[in-house]
Amino acid sequence: MYSSYKEMEDKSKYNEKLKNNVKRIMTMEDKKQFIENHDLCVIDIYGDWCGPCKLIENEYANLAKKYNSDKVILCKENVDDGLTSRESISGVPTFVFFKNKKFKTIIVGADLDEEIGRAHVWTPVTRSSRM
């Protein structure tokens, strides 16, 4: 994990240069457009107050930089914006996968390597409830 609190704190500092790689969902129309205009849409539902969400911001932004294209988009939605009902979210961060405009799976947890690997990014079919 981390060898010190300082190492964890340093990793959690959001790199402003990476910020532009992740598209932000501000409205239901934004969400609809991202899902309809991409073969694969991954939505990171996060909270500004969520420690694990802050820890993975840079890693998610790096994935967005690597994969975002005309066919793939990784975007973010703040749970406090109320666009997704809280009843459908068991925790944050939550990753929601849409493939070819259809819901595929939802993953809860901040271990991106394990969780996205488990979801087989291109054909996500599993559900994890780890936090």
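In this predicted model, Pro93 sits in the loop between S3 and S4. The peptide bond that joins Val92 to Pro93 is cis, with omega at about 0°. That makes it worth a look, because most peptide bonds are trans. Val92 also turns up in the largest nonpolar core, as one of the residues with the most contacts inside it.

That core has 18 residues, and Cys41, Ile43 and Ile45 join Val92 on the list of those with the most contacts. Helix H3 (28–36) and the strands S2 (40–46), S3 (72–78) and S4 (94–99) each put in at least two residues. S2 gives the largest share, with four residues. There is also a second, separate core, made up of 12 residues, and Ile56, Leu74, Phe95 and Phe97 are among them.

Helix H3 is a handy place to see how the packing works. Its buried residues are Lys31, Phe34 and Ile35. Looking down the helix axis, these fall within an arc of 95°, so they line one face of H3. The cover over them includes strand S1 (23–24) along with S2, S3 and S4.

Helix H4 spans residues 51–67 and contains Leu55. Leu55 has a relative accessible area of 17%, and because the cut-off for buried is under 20%, Leu55 counts as buried. Its C-alpha atom is 9.7 Å from that of Asp111, a residue 56 positions away along the chain.

Next come the aromatic rings, where a search of the whole structure turns up two pairs. In one of them, Tyr60 and Phe95 have ring centres 5.7 Å apart and planes at 45°, so this pair is tilted. Tyr60 belongs to helix H4 and Phe95 to strand S4, so the pair ties together parts that lie 35 residues apart in sequence. Both Tyr60 and Phe95 are buried. The other pair is Phe98 with Phe103, with centres 6.0 Å apart and planes at 75°, so these two rings meet edge-to-face. Here the two partners differ in burial: Phe98 is buried at 15% relative accessibility, whereas Phe103 is partly exposed at 48%. One more ring deserves a mention, that of Tyr46, which has Lys76 over its face at 4.3 Å from the ring centre.

As for the cysteines, the whole structure has zero disulfides. Cys75 is in none, and the nearest cysteine sulfur, on Cys41, is 3.9 Å away. A disulfide would need the two sulfur atoms within 2.5 Å, so the Cys75 and Cys41 pair does not qualify. Cys75 is buried, with a relative accessible area of 0%. Cys50 is buried too, at 4% relative accessibility.

The backbone has a couple of quirks in the loop between S4 and strand S5 (102–108), which is where Asn100 is found. Phi of Asn100 is near 50°, a positive value in a residue other than glycine. Lys101 lies in the loop between S4 and S5 as well, and its phi is also positive, near 70°. Both stand out because most residues other than glycine have a negative phi. In terms of accessibility, Asn100 is partly exposed, with a relative accessible area of 46%, while Lys101 is exposed at 51%.

Methods. Residues numbered from 1 in each chain as written. Predicted model: local features only at pLDDT ≥ 70, side-chain atom pairs only at ≥ 80, totals over all residues. Heavy atoms only, no water. Core = buried A, V, L, I, M, F, W, Y, C linked by side-chain atoms within 4.5 Å. Buried < 20%, exposed > 50% of the residue type's maximum accessible area, 1.4 Å probe, protein only. Arc of directions from axis to C-beta. Contact = heavy atoms within 4.5 Å. Phe/Tyr/Trp six-rings, centres within 6.5 Å; stacked < 30°, edge-to-face > 60°. Lys NZ or Arg CZ within 6 Å of the ring centre and 35° of its normal.
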